[in-house]
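This report describes selected features of a predicted model. It considers a loop residue, a sheet, salt bridges and a surface patch in turn.

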Amino acid sequence: MAPFANAGGLMLWEIGTPTLGTASAGWAAMPEDASTAYTNPAGTVWRQGIEMRAAGQAMYGDIGFSEGGLTNVSGNDGGNPVGWFPGGGAFVAGRLADNLGWGVALAGNFGLGLDYDDSWAGRRFAQESVLIGMSAIPSLSWKVHPCLSVGAGLNIMGFYFKYRSEPRAGLIPEDARFKYRDTDIGYGGNLGIIYRPVPETTFGLTYTSKVEADFSDRVTLDNFGPLFEPLVERFDGTKTEIDLNVPATVTASLQQKLTAATTIYANLAWQDWTEYAGVGLEIDNPDQTSLRVNRGYKDTGHFALGFATLFPVAPCRTGRCQPGLPMTAPWHQRRR
């Protein structure tokens, strides 16, 4: 009897934007730097000149597994299939005119990878599984009113998909090998609105459309025993198509300055994972086998709240910072 579990989707918010410091709160309502070219294309017209930003980080994932004596397949726990992986992005934003802005963003927030040890007890089902999406987003924005701007971008998304397993080889003790790998490019759209009725308050709203990925590769079957020879001869090298959809998202954000030193940020977001739940499979064989599997995923939502504060720091008087110096004007501002 397994316990009930809830989980989010495959989208990461850690792409080198300043929202790393606010739990991603304020995602769509922060036009203060070039990363708005990704988080909300309506924000690029709020920049004063051409600005560039690039940032990266190393992230670590840890997944544990125990077969609990419930399998007759020899093997170990597979180790940690995630480990260290990179994240980040590059962004450029500027203005073509007083009421017209532009931006370009390069980043990836979709997908993840698993790679278990060769002797993992679950290798019959999956040994390695990788699905990664990277986006290039050129965009334009228009300030329709001193307090309101709108923006739109084209999401050009590159995909990489790899799946590898070691199923039973039949009557021989060795493991067989099954492999599938392909790349694709899909297209979608990003829309955004930014409303700043007063300098202390900023509202942001973004919509990103779904993006379709269609993978097509010839499956590789190897090292199967004589029991499966007829099937291997029929399906090895068979062209197989797999299609899936990156879900659409809606994000509403607030940036509210409470005092000259403190600002709060909030997010309310929705992601259409029911669209991602359906995966189509078509095998190019004499019977033209095709099927569509609905994995039963449900839409997900999230709420985020964060804050930033500025605090005064005494200036260095002699080239080296000395503790215990009295505060003297002018104060320096530092973000914490």
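Thr-238 is found in the loop that runs between helix H2 (229–235) and strand E10 (239–246). In this predicted model, Thr-238 has a relative accessible area of 6% and is therefore buried, the cut-off being under 20%. Leaving aside residues up to four places away in sequence, the contacts of Thr-238 are Asp-217, Arg-218, Val-219, Ile-283 and Asp-284.

Strand E10 also belongs to an open sheet of 4 strands, ordered E8-E10-E13-E14 and paired in the antiparallel sense. The edges are held by strand E8 (211–218) and strand E14 (290–294); each has a single partner strand, so one side of each lacks a neighbour in the sheet. From one strand to the next, the twist averages 15 degrees. Strand E13 (residues 278–283) is joined to E14 by 5 bridges in antiparallel pairing. Val-279 faces Val-293 of E14 across this pairing. In general, strands of a sheet pair through backbone hydrogen bonds.

Side chains of opposite charge can pair when their charged atoms come close. Across the whole structure, 13 salt bridges are found. Three of them are listed below, with the N to O distance and the relative accessibility of each partner.

| Salt bridge | N to O distance | First partner | Second partner |
|---|---|---|---|
| Lys-162 with Glu-128 | 3.3 Å | Lys-162: 14%, buried | Glu-128: 12%, buried |
| Asp-222 with Arg-177 | 2.6 Å | Asp-222: 36%, partly exposed | Arg-177: 42%, partly exposed |
| Lys-239 with Glu-241 | 4.0 Å | Lys-239: 33%, partly exposed | Glu-241: 33%, partly exposed |

Salt bridges with shared partners link Asp-115, Glu-128, Lys-162 and Arg-164 into one network. How far apart in sequence are the parts tied together by Lys-162 and Glu-128? Lys-162 lies in strand E5 (residues 148–165) and Glu-128 in strand E4, so this pair ties together parts that are 34 residues apart in sequence. The pair of Asp-222, in strand E9 (residues 220–222), and Arg-177, in strand E6 (residues 177–198), likewise ties together parts that are 45 residues apart.

Strand E4 (residues 128–145) also contributes 3 residues to a nonpolar patch, the largest share. This surface patch covers about 660 Å² and is made by Leu-96, Leu-100, Leu-140, Trp-142, Val-144, Val-150, Ile-193 and Leu-205. One of its members, Leu-100, is situated in strand E3 (residues 100–115). Leu-100 counts as partly exposed because its relative accessibility is 30%.

Conventions: Residues are numbered from 1 along each chain as its sequence is written. This is a predicted model: local features need pLDDT of at least 70, side-chain atom pairs count only at pLDDT 80 or more; totals for chains, interfaces and linings use all residues. Side-chain values use heavy atoms; hydrogens and water are left out. Patches are made of residues with over 30% relative accessible area and no salt bridge: like charges are joined within 9 Å, nonpolar side chains (Val, Leu, Ile, Met, Phe, Trp, Tyr) within 5 Å. Accessible areas come from the Shrake-Rupley method with a 1.4 Å probe; for residues, only the protein chains shown count as cover. A salt bridge is a side-chain nitrogen of Lys or Arg within 4 Å of a carboxyl oxygen of Asp or Glu. Helices (H or I, at least four residues) and strands (E, at least two) are DSSP runs, numbered from the N terminus. Buried means under 20% relative accessible area, exposed over 50%, partly exposed in between (1.4 Å probe, protein chains only). Two strands pair if DSSP finds at least two bridges between them. Axes are lines fitted to C-alpha atoms, for helices over the stretch in contact, and angles run from 0 to 180 degrees between N-to-C directions. Contact means heavy atoms within 4.5 Å.
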